[in-house]
Amino acid sequence: MKNISASELKVWMQQQRVFALVDVREEWEHTAFNIGGKNIPLGELIQRKTEIDPNRPVVVYCEKGVRSVIAIQRLGQHGFMSLYNLKGGMSAWRDQ
């Protein structure tokens, strides 16, 4: 599994790189604070996987980086290849 730091992700965003950003937190967490990712809660991820483009890099995030690791494992079993975990999740993002 590949990790990306909050600072690296900010550079990707500034460079306008093409990638998908997926927030696997619950809707209320996403509403309270997010960085623009598509909100697909972990419990709905496999049923909604068609909403994610498997042909581009996908950065997955949650609050601390635990649910996103689980999400990456699940997506990997369904053919997604270029997956990145936001190391430390939204907690790390806010600390940057």
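**Group meeting: a quick look at a predicted chain**

Okay, let's start from the outside: this chain shows about 5400 Å² of accessible surface, and carbon and sulfur atoms own 49% of that. Keep in mind that this is a predicted model.

On charges, we've got 13 positive side chains and 10 negative ones, with the centres of the two sets 5 Å apart.

Now the fold. The chain has 4 helices and 5 strands, and if you walk along from the N terminus you get β-α-β-α-β-β-α-β-α. The radius of gyration is 12 Å, close to the 12 Å from the globule rule for 96 residues, so the chain is as compact as a globular protein of that length. If you want a box for the C-alpha atoms, it's roughly 30 × 30 × 20 Å along the principal axes.

What about the inside? Of the 96 residues, 43% are buried. And looking at contacts with a separation of 6 or more, 66% of them are between residues 24 or more positions apart.

Let me zoom in on one element, helix 3, which covers residues 66-76. Which of its residues are buried? That would be Ser68, Ala71, Ile72 and Leu75. They sit on the same side of helix 3, because the arc they cover around the axis is only 100 degrees. You know the background: an α-helix has 3.6 residues a turn, so residues three or four places apart point the same way.

And what covers those buried residues of helix 3? The cover includes strand 4, at 58-61, and strand 5, at 83-86.

That's it from me, thanks.

Note on methods: Residues are numbered from 1 along each chain as its sequence is written. This is a predicted model: local features need pLDDT of at least 70, side-chain atom pairs count only at pLDDT 80 or more; totals for chains, interfaces and linings use all residues. Side-chain values use heavy atoms; hydrogens and water are left out. Helices (H or I, at least four residues) and strands (E, at least two) are DSSP runs, numbered from the N terminus. The radius of gyration is taken over C-alpha atoms; the globule rule is 2.2 Å times the number of residues to the power 0.38. Buried means under 20% relative accessible area, exposed over 50%, partly exposed in between (1.4 Å probe, protein chains only). Contact means heavy atoms within 4.5 Å. Accessible areas come from the Shrake-Rupley method with a 1.4 Å probe; for residues, only the protein chains shown count as cover. Lys and Arg count as positive and Asp and Glu as negative; His and the chain ends are not counted. The place of a charge is taken as NZ of Lys, CZ of Arg, CG of Asp or CD of Glu. The arc is that of the directions from the helix axis to the C-beta atoms.
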